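Biologist: Please take me through this model, giving the criterion behind each term as you use it.

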Amino acid sequence: MSVSDIFIILIPIFFVILLGFFGGYFKVFNSASSKGLNTLVTKFALPAHLFIGITTTKKETLIDKWPFFMTIFLGIIGFYVLLLLVMRFIFKVNLSQSSIFSLNATQPSFAFMGIPVLGNLFGAAEVTIPIAITGIVVNALLDPIATIVSSVGKKTEEGKQNGHGESLLKLTIHSIIHGLKEPLACIPLLGVILTLVGFQSPQLLQSSFDQIGSITSGAALFAIGVTVGINRIKFSLNAISISLLKVIALPLFTYMFALLMGLSSTDMTMVILLVSFPGSAVAAMIASRFDTLEVETASSFVMSSVLSLISLPILISILV
């Protein structure tokens, strides 16, 4: 694929992001309305789009994606664990900060950029299952694990291990249930289960879900721009490190597992691009929930979004 072809694909995508940026920068949207846009995409539009995409797929196709799932799992969860151990035991950072740092350096904004970028490259039908698999790994596994580790770290810091705080078992169960309640985890998971038992969405159901699912691409890109426009950047070492790890180190780390699992060139391209998207606003929200690295994670979200303007064309030109 030529450089001009790549920019023909990416320019409309970043144009919509730029529109959202101006909306956030000039205060047309505030933090509350930005959160509303994110909620619309992550809890309604994208889950509906993924459900129909999965339940109109043949069972055999879904089963064939097992190596893809393992690559995403090892790449995302493995990178989080590796960074967590490095931050905790080499740089001696406390457990809560180590977890939040590692989460934000790992979690991609697949929910917002997956459909428009990969859809333009491979077709919307081809990318539904890869994006759904990423959603299951991120929302049902990564976020609960990071929440548990961060909570344990907070309890330790605050000296709440005297029986008054929530037990580790209850905390673990609560975090897993919370992760599975997220539409981006439970809806694709439900779609996978139904497809494996032979269910295929009828035309009426497809048309109904498409009414909301069809807005996913534009709304997601605009929401990214709004979030970037609202947040202010602080060029701290943590923020820069998170951005570089997210955009450069994670794709390289995942590439090793893609080779190990023997993915096809198409699947390898999709898995690398899925993990190379900018940092996630959801991960930054988790940082705010724990009052840990809030400014740094918000800044890294903006910086990784800007860096992706350079990294995505380079990756696409190499992989496609």
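Modeller: The largest nonpolar core has 82 residues, and Ile-13, Ile-76, Phe-112 and Met-113 touch the most other members. Helix α7 (residues 124–157) provides the largest share of this core, 12 residues. The model is predicted, so local features need pLDDT of at least 70 and side-chain atom pairs count only at pLDDT 80 or more, while totals for chains, interfaces and linings use all residues. Residues are numbered from 1 along each chain as its sequence is written, and side-chain values use heavy atoms, with hydrogens and water left out.

Biologist: What makes a set of residues a nonpolar core?

Modeller: The members are buried Ala, Val, Leu, Ile, Met, Phe, Trp, Tyr and Cys residues, joined through side-chain atoms within 4.5 Å. In soluble globular proteins, nonpolar side chains tend to be buried together.

Biologist: Why is Met-113 called buried or exposed?

Modeller: Buried means under 20% relative accessible area, exposed over 50%, and partly exposed in between, with a 1.4 Å probe and protein chains only. Met-113 has a relative accessible area of 1%, and is therefore buried. Its place is in helix α6 (residues 110–122), where helices (H or I, at least four residues) and strands (E, at least two) are DSSP runs numbered from the N terminus.

Biologist: Which residues does Met-113 touch, apart from those up to four places away in sequence?

Modeller: Contact means heavy atoms within 4.5 Å. On that criterion Met-113 touches Ile-13, Phe-14, Ile-17, Leu-118, Leu-221, Ile-224, Phe-277, Pro-278 and Leu-312. The C-alpha atoms of Met-113 and Ser-217 are 7.5 Å apart, although 104 residues separate the two along the chain. Phe-112, with neighbours within four places left aside, is in contact with Asn-38, Val-41, Thr-42, Ala-220, Leu-221, Ala-223 and Ile-224.

Biologist: Why is Val-137 placed in the buried or the exposed class?

Modeller: Its relative accessible area is 0%, so Val-137 is buried. Val-137 is in helix α7, and its contacts beyond four places in sequence are Phe-69, Ile-72, Phe-73, Ile-76, Ile-77 and Leu-142. Between Val-137 and Leu-74, 63 residues apart along the chain, the C-alpha separation is 9.8 Å.

Biologist: What is the class of Leu-273, buried or exposed, and what value decides it?

Modeller: Leu-273, at 0% relative accessibility, counts as buried. This residue of helix α13 (residues 265–276) touches Leu-118, Leu-121, Leu-312, Leu-315, Ile-316 and Leu-319, not counting residues up to four places away. Leu-273 and Val-86 are 187 residues apart in sequence and 25 Å apart in space, C-alpha to C-alpha.

Biologist: What makes Phe-235 buried or exposed?

Modeller: The relative accessible area of Phe-235 is 61%, so the residue is exposed. It is in the loop between α11 (216–230) and α12 (237–260), and touches Ile-240 and Met-303 when residues up to four places away are not counted. The C-alpha atoms of Phe-235 and Glu-296, 61 residues apart along the chain, are separated by 8.1 Å.

Biologist: What is the sign of phi at Lys-27?

Modeller: Phi is near 65 degrees, a positive value in a residue other than glycine. Most residues other than glycine have a negative phi. Lys-27 is in the loop between α1 (3–25) and α2 (31–55), and its relative accessibility of 61% makes it exposed.

Biologist: What of phi at Asp-291?

Modeller: Phi of Asp-291 is near 50 degrees, likewise positive and likewise in a residue other than glycine. Asp-291 is in the loop between α14 (281–289) and α15 (294–319), and its relative accessible area of 57% makes it exposed.

Biologist: How many helices and strands does the protein have, and how do you know how compact it is?

Modeller: The protein has 15 helices and 0 strands. Its radius of gyration is 19 Å, close to the 20 Å that the globule rule gives for 320 residues, so it is as compact as a globular protein of that length. The radius is taken over C-alpha atoms, and the rule is 2.2 Å times the number of residues to the power 0.38. The C-alpha trace spans about 55 × 45 × 40 Å along its principal axes, and buried residues make up 52% of the 320.
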